[in-house]
Amino acid sequence: MAWKTPWHYLHQFVYHSNTECRTGNDEVIEDNTDPIAELEIKRQSRRQGTGGKRLCIKCAELNRLGR
Ligand SMILES: [Zn+2]
């Protein structure tokens with residue numbers, strides 16, 4: 001099990017609660033010409049809590065599977 005305190009990113013519309021979720025992890029690089037800058041942006045925009053957002057679909061699936 002990989003339950004954690006929920007977290008979200010300011011630029012995403014969902015929050016994450018499962019550390020197995022790749023979408024919610026810092027190493028995921030989205031399409032960008034400068035991956036280092038993208039990583040830094042994601043790190044700085046990471047916030048604790050749900051942010052009043054919906055749970056990420058991937059996290060929901062992982063939680064349902066008990067991972
Ligand atoms: Zn997620």
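## A buried histidine in the first strand

H8 counts as buried because 24 C-beta neighbours lie inside 10 Å, and the cut-off for a buried residue is 20 or more. This residue has its place in strand β1, which covers residues 3-9. Please keep in mind as you read that the model is predicted.

Which residues does H8 touch, once its neighbours within four places in sequence are left aside? Its contacts are V14, Y15, H16, R47, T50, G51 and K53. One of these partners, T50, is 42 residues away from H8 in sequence, yet their C-alpha atoms are 6.1 Å apart in space.

## The chain as a whole

Let us step back to the full chain. It has 67 residues, of which 18% count as buried. Its secondary structure comes to 2 helices and 4 strands. Starting at the N terminus, these elements follow the order β-β-α-β-β-α.

Contacts also tell us how the chain comes together. Of those between residues at least 6 apart in sequence, 65% join residues at least 24 apart. The pair of H8 and T50, 42 residues apart in sequence, gives a friendly example of how far along the chain partners can be.

## How confident is the prediction?

The mean pLDDT of the chain is 81, and 79% of the residues reach 70 or more. Which elements have the lowest and the highest mean pLDDT? Helix α1, residues 35-45, has the lowest value at 80, while strand β4, residues 54-55, has the highest at 95.

## Strands β2 and β4 side by side

Strand β2 spans residues 14-18 and is mostly covered, with 4 of its 5 residues buried. Strands β2 and β4 run parallel and are joined by 2 bridges. Y15 has L55 of β4 as its bridge partner. Y15 also appears among the contacts of H8.

## An exposed glycine in a loop

Between β3 (46-48) and β4 there is a loop, and G52 lies in it. Is G52 buried or exposed? G52 is exposed, because 7 other C-beta atoms lie within 10 Å and the cut-off for an exposed residue is 12 or fewer.

G52 and Y15 are 37 residues apart along the chain, and 8.3 Å separates their C-alpha atoms.

## A lysine in the second helix

Our last stop is K58, a residue of helix α2, which runs over residues 57-64. K58 counts as partly exposed because it has 16 C-beta neighbours inside 10 Å, a count between the cut-offs for exposed and buried.

Where residues up to four places away in sequence are not counted, K58 touches C21 and T23. K58 and C21 are 37 residues apart in sequence, with a C-alpha to C-alpha distance of 6.2 Å.

Notes:
Residues are numbered from 1 along each chain as its sequence is written. This is a predicted model: local features need pLDDT of at least 70, side-chain atom pairs count only at pLDDT 80 or more; totals for chains, interfaces and linings use all residues. pLDDT is the predictor's confidence in each residue, from 0 to 100. Two residues are in contact if their C-beta atoms, placed from the backbone, lie within 7 Å. Two strands pair if DSSP finds at least two bridges between them.
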